[in-house]
Amino acid sequence: MGLVLRMTGIGKSFPGARVLSGVDLEVAAGEVHALIGENGAGKSTLMKILAGVHTPDEGTIEIEGRALAFGHPLDAQRAGVSIIYQELTLLPERTVAENVFLGREPVRRGLVDRETMERTTAELLASLGEDSFGPRDLVRRLSVAQQQVVEIVKALSVDARIVVMDEPTAALAEHEVELLYRLVRQLRERGIAVLYISHRLREIFDLADRVTVLKDGAKVATEPIDRITTADLVRLMVGRELTDYYPPRAQRPPGDVLLAVRGGGNDRLDGIDLELRAGEIVGVAGLQGAGRTELVKALFGAEPFTRGEMTPRRPRSVRDGIAAGIGLVTEDRKSEGLALHQSVRDNALLVARARKGRAGGTVLQLLERVRLAPPRPEQEVRYLSGGNQQKVVLAKWLTVAPRVLLFDEPTRGVDVGAKAAIHELVRELADGGMAVLMVSSELPELIGMSDRILVLRDGRIAGRLPAGATEEAVMELAAGS
Amino acid sequence: MTQELHTPLPRTSAPRGLRDLGADSPARPVYLALVALTVLAWILFLTDGGQFFSQANTVGILQRSAALGIVAVGQTLVILAGSLDLSVAFLVSLVSLVAAETMAGYGVLPAVGAVLAVSALVGLVNGLVITRLKVHAFIATLGISLIIKGVLDQRYDGPAGSVPESFQHLGYDRVGPVPVSALLWAAIAFAAWFLLRRTTLGYRIYAVGGDPEVARLSGVRTDRVVVAAHVLCALCAGMAGLLLAARLGAGAPTVGSDGGYDLESIAAVVLGGTALAGGRGGVAGTAGGVLLLAVLDSVFNQLEINSFAKDVVRGLVFVAALAIYARRRLAR
Amino acid sequence: MSLTPRRALAGAVLATLLPLTACSSDLPEGPAASGGATSQGSGDGKKKTGDQSKFFVQADYDAQLAMRAKQPTGPADKPWEQAIDPQPVDTAAYKKTGQYHLCFSNAATDNPWRQVGWKTMQAEVALHEEIAEFTVLDAEGKDDKQISDIAELSAKGCDALIVSPNTTATLTPAVKGACPKVPVIVFDRGVQTDCPVTFIKPIGGYAFGADAAEFLIDEVKPGGKVLALRILPGVDVLETRWSAAEIAFDKSELDVVGVEFTDGDAAKTKVVVSDYIQRFGKIDGVWMDAGATSVAAVEAFEDAGVPVPPINGEDQQDFLQKWKDADLTAVAPTYPTYQWRTPVIAALKILKGESVPKVWNLPQPKVTQESLGDYLKPGMPPLHYALCGCEAMPGYPQKWGGK
Amino acid sequence: MRRTLPIFGVLAVLLVAIAVANPYFLELPGFLAFVKRAAPLAILAAGQYFVIVSGEFDLSVGSLVTAEVVIAARLIDGDPGATWPVIALLLVLGALVGLVNGAVTTFLRVPSFITTLGMMLILAGAVFLWTGGAPRGALTEQFRTFGRGDLGPVPWSVLILLAVVAAVVLLMRADFGRTLVATGDNPGAAALSGVRVPLTKTIAFVLSGASAAVCAILLGGFAGVSAQVGQGLEFQAITAVVLGGVVLGGGRGSVVAAIAGAFTLEALFTLLNLYGISGALESAVQGVILIAAIALGALNLPAWAARARATNATTHTTPDPTHAKG
């Protein structure tokens, strides 16, 4: 198989930090090449360099033997590099076709050739078996899953030699991951090289032919997938054995009911009955659009229940929720969790200040408690890794000592090492007498952490499973098949 | 779940030309309002013993709105691109003088050339200060307008130059009830509409305004787009300056600032449903916004409302209109 | 980024240049108006006060200075009906009977002077029941709007059209357009055409500037430092005031240490003046092209704890009050607001076929130490202009904001 | 912080330049005179800072200042007894205008740029409708003392400025200040942390309105009744704040730097006067300095992000619906 991508001796420094040094990477045509490593290992930087967003300080990139010019994403695009970013990169106010061809609009006689755009888009959608929307629909009107499809169409529409996928499944639910797998394999059959970046080791074993591990900005290994085990990968990434991936479940039986809902509902949820008891972790599973985020936001008071009983008193607003001793660690740290330009201190104290309450203990003690290392209260949070940012969000809630803590995708975009740390924290809080509700799209995490599992479907609770349920059982309830 | 994930959407099947006024169009409310106000005006005029649709009045309305209309077209482009231009007012003054003086000295065509050159240059500077020096558009264009003001104060102490009669026709002629100035406005508006709908630049203006980062990652050279938008905006201001020179028979250092073309053009644009943040809206709406203000003015004229009351009403209209748009966006 | 946009715009230009040949036109006949040469004045650069503005017209200057001495004709107690060497024009052509419909295109009502004048004009209209209708459009200081306003008014079937132009050169075409349709009366600012039936104005800016400058030349000892404060450049009526002062100062022994623009902003005026006091230790005289900020100037001296030097203001109440209270050495040339009465009177004369002066020069008194008492009207608002000629009108003083 | 440092450098340079041209500036009275003259703008800038750091604009302060002075003149109308009640009324009125600005911006979700632009027109129109076109009445000496008089060697306005500075600095260190900045940085996150975002922003507008009232009291006192006291002040205030390195769009910048920005602007004007730069060129110089200062301050941060954040923050205060997971 011909070599599509050859990166040699790539090095890059940002003010005050060396992010990459001497990284070599080779990807062949028709190969799915996984790229893994902890956050801060340099995956994203490496990808952004390939994308032409960053310019490397040293090193060269060749695409099919031709050296790649740097400076602007356009150069990479022209060279046949196509990227699917973790955050969706679509314009809500433009049509699907306009998004697919953004920056590469076909031109006839100096004018944009709409017909071609829409025809090609329609064909590509069809080739993916997507018929729920058309080229002329506004992206604003699409569900997140549908938007992901648009992203993939966008990538396919370029005659890409190499497709880079950064955490493509981050926003997807299990069954959608299947769809993605199918797409990736399609790409492989077309002889396209795929560089697949993910935190989810399982996906890597499902998809990849080879895997390259980055650690602290350097390449530690490139191995064929069949010559390596999960344990190896984890060791290579974090440089230590993580034998027990999840902390032990609750030892003591759950305590009193701290939160109970009877027949809770609003425009997205219906007939929600649940109880959260002190000391237990309740997992919430469900497909994209099943109403998981809606559930936590309803319990928290951000998108309140309009029907049903709830004890303590049904919150009508976020402040109600907080006053009732409920906290929410949101799914999207950047847009909902943190004020990125503010210091760790200001973020950690935000909730306490909003309630005009004093934080329990000093900020340092707080950061100690969430094991933020190094604990620099004056640092702006945007400079922290995903894991550390999540710890700050957690600290924010600990200041007001909530009795119920709701987690929405607590380890989204967090690297393996930090994941473990956060899992331990969550368990600690539960053992400390808190009631925890945890939404996760990662079944292993969900099953590994939860004392019991609620499965949502179409805004209702489709079923309840005990600790240690199998992934199959969960999926069955979730998909309703 | 399939219906959960795959909710079929209503096809937007309106013919392309009409998409600007389609159900989804931000421009629609302003036209509804315009129709409503026109009817109201018509009744008011009748009761007040006037004739709204009289030639004199329609010509008046169009004449009064042409200059602002042209500036607003340009303003639409920069706002769509996520920027804005506070320098247009003084630019209009400057250009009117450049036009009148060049015409006095060298004739009409050189003057038009000079005007386009000067305004393009100013637009270029605006764009470069914003993109290269990375100065917020608000500050950048505010600064540039101060600089232009300085030049005006320094160089001119009153109306200057003179416009040959042949060119004054631009400001005074009519084709039937339609003033040529209005035709110029229409032409420029159409050009801009076409630019936005059918050229790559237009597409990228929407992209950059909608989300600069997304545009960049998709390979759009965002800086160039912003600069281009500013150049076009300045060119529109230039055309407005030409038109005013033709109206006034000379250039005037205060015609732009007295006209309040900076803030009024922005107001007209948002009145037309274009999002101040960029990426959403269009020229059609802006034209509607300008006409709305013009009809409002003619009502004020008919009822001889004093200028202070006018300001109060205008202020209320802006806020009310935007509140309504906010409601619509929320409703979705 | 394609050429398309530019091409399209260029096309638009051509598209609009084409119909110039055809179509109906509202453009008045005759040669186009000229804003005059654009060269920065002509005079030699050696003058200590800088070059003359292009607004300077020697003939007007001489005429105005001469007029100050002349005895106006007409009722002495009604200066707004007086005229200085009038050249009557026959108006029989415009004679009409019955009720009249007067129209007025106002440049703006955006400053106290225009406010007082506007109220006075309304009161004047109220005096004449033969005026059945009085239609007014306010251009809000926008040349372009006033041009449209005039076009609109001249189509409204007015019997006479009064115009107070926002600027001279730029309103000329519009007025030319209106003349054939309706008798036009222009006041305050002029236009560069003689087509209006009459042009009403006080003696003018040169006289104002000269009155003030001569006062300083008399009061300030030779070599004294004079600060000249102007509102802003480019306003013809103000430029002429400064031109006359320039000439006077250049002839005098006085040393003009600074010419500053204040934007008519009291705070800025005060700041500028105190800066000059700091810089020169002593300022011996202050010349102002308008009274709006003269009180602020006076206060600057008071706050600096130095005696207030000879200064000129205008006939605004706050200045006259200050003058009296602080016992200043001052003079207040005027640009009388009673000129707002005259156009209405003129319009009626014209419609009745009585002759009016081609150029109606109204007397332009100045307030002096002697006449201060007569003009200072207690109870009037601070920015009221004393020479409104409105004391005897119905509704005075409340209508003018007094009590 | 890094972003706020340049301004103090610029200010220092300007002050030195002034001192060179005018030694009297080094003596206490000379310097106090300068502070006195800068006080109104500095106070206005402090108010504007709250609004800008919360991610909004307040264009209405200019005509608010004018309105307040005109109202004061008419209500006091030379009657010493009326002074204090009217001063109280002015402060309430300023706060009230801010309240309306804030409420319309947050609850009706009108971009503050438009809200306050509308308010600018409304105030300018309404106040003159009320007084019949031109100011009437008169201010009393007591009223004018604050802008004109001294307490011993120190002008009242300087004392008032010091009080205001102390107050705003404390406020910014207090919970309110921190949450305000966080709100400007990320309204969504703030809301989900229990911050009353609309209330917080509204308070910012109220503070801006109140500061405009104080500014009006000082200016009216300093220069007396005038129909155009506030003309262009809104842009000067915003300019000052931005000169101080505060980012349009919210979330970054310190109030002290914003006030320093106001002093810089005032120092610039003084300098231009001292060096006899013609009134004509003044605005040009101002424009150049403005752009230059911001450019220097901004070069070290991703401007696109900054600009995008700025424009977004001025419009939808809620996170875009398309980003919410189903």
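Domain bounds, as used here, are those given by an automatic or database domain assignment. The structure on screen is a predicted model, and the tour below proceeds from chain A to chain B and then to chain C.

**Stop 1: the two domains of chain A**

Select residues 3-238 of chain A, which the assignment gives as domain 1, and then residues 257-479, given as domain 2. Colouring the two ranges separately will help. Taken over C-alpha atoms, the centres of domain 1 and domain 2 of chain A lie 30 Å apart.

**Stop 2: the side of chain A that touches chain B**

Now display chain A together with chain B. Contacts between them involve 35 residues of chain A and 28 residues of chain B. To find elements of chain A on this side, select α2 (73-78) and β8 (111-112); each supplies at least two of the touching residues. Which element provides the largest share of the side of chain A that touches chain B? That element is α2(A), with three residues. Colouring this side of chain A by residue class shows 15 nonpolar, ten polar and ten charged residues.

**Stop 3: chain B as a whole**

Hide chain A and keep chain B in cartoon form. Its secondary structure amounts to 15 helices and two strands. Turn chain B along its principal axes: the C-alpha trace spans about 75 × 55 × 35 Å. The radius of gyration of chain B is 20 Å, in agreement with a compact globule, because a globule of 332 residues would have a value near 20 Å. Of those 332 residues, 69% count as buried. Among contacts in chain B between residues at least 6 apart in sequence, 79% join residues at least 24 apart.

**Stop 4: strand β3 of chain C and its partners**

Move to chain C and select strand β3, residues 100-106. Six of the seven residues of β3(C) are buried, leaving the strand mostly covered.

Next, add strand β4 of chain C, residues 131-138. β4(C) and β3(C) are paired in the parallel sense over seven bridges. To locate this pairing, show the side chains of C:Leu102 and C:Phe134, the latter in β4(C), which stand opposite each other. Then add helix α3 of chain C, residues 112-127: the chain passes through α3(C) on its way from β3(C) to β4(C), forming a right-handed β-α-β crossover.

Finally, select strand β5 of chain C, residues 160-164. β5(C) runs parallel to β3(C), and five bridges join the two strands. Here, the pair to display is C:Cys103 and, opposite this residue, C:Leu161 in β5(C).

Definitions and conventions:
Residues are numbered from 1 along each chain as its sequence is written. Chains are lettered from A and ligands numbered from 1 in the order in which they are written. This is a predicted model: local features need pLDDT of at least 70, side-chain atom pairs count only at pLDDT 80 or more; totals for chains, interfaces and linings use all residues. Helices (H or I, at least four residues) and strands (E, at least two) are DSSP runs, numbered from the N terminus. The radius of gyration is taken over C-alpha atoms; the globule rule is 2.2 Å times the number of residues to the power 0.38. A residue is buried if 20 or more other C-beta atoms lie within 10 Å of its own, exposed if 12 or fewer, and partly exposed in between; C-beta atoms are placed from the backbone. Two residues are in contact if their C-beta atoms, placed from the backbone, lie within 7 Å. Ala, Val, Leu, Ile, Met, Phe, Trp, Tyr, Cys and Pro count as nonpolar, Asp, Glu, Lys and Arg as charged, and the others, Gly among them, as polar. Two strands pair if DSSP finds at least two bridges between them. A crossover is right-handed if, with the strands pointing away from the viewer, the path from the first strand over the helix to the second runs clockwise.
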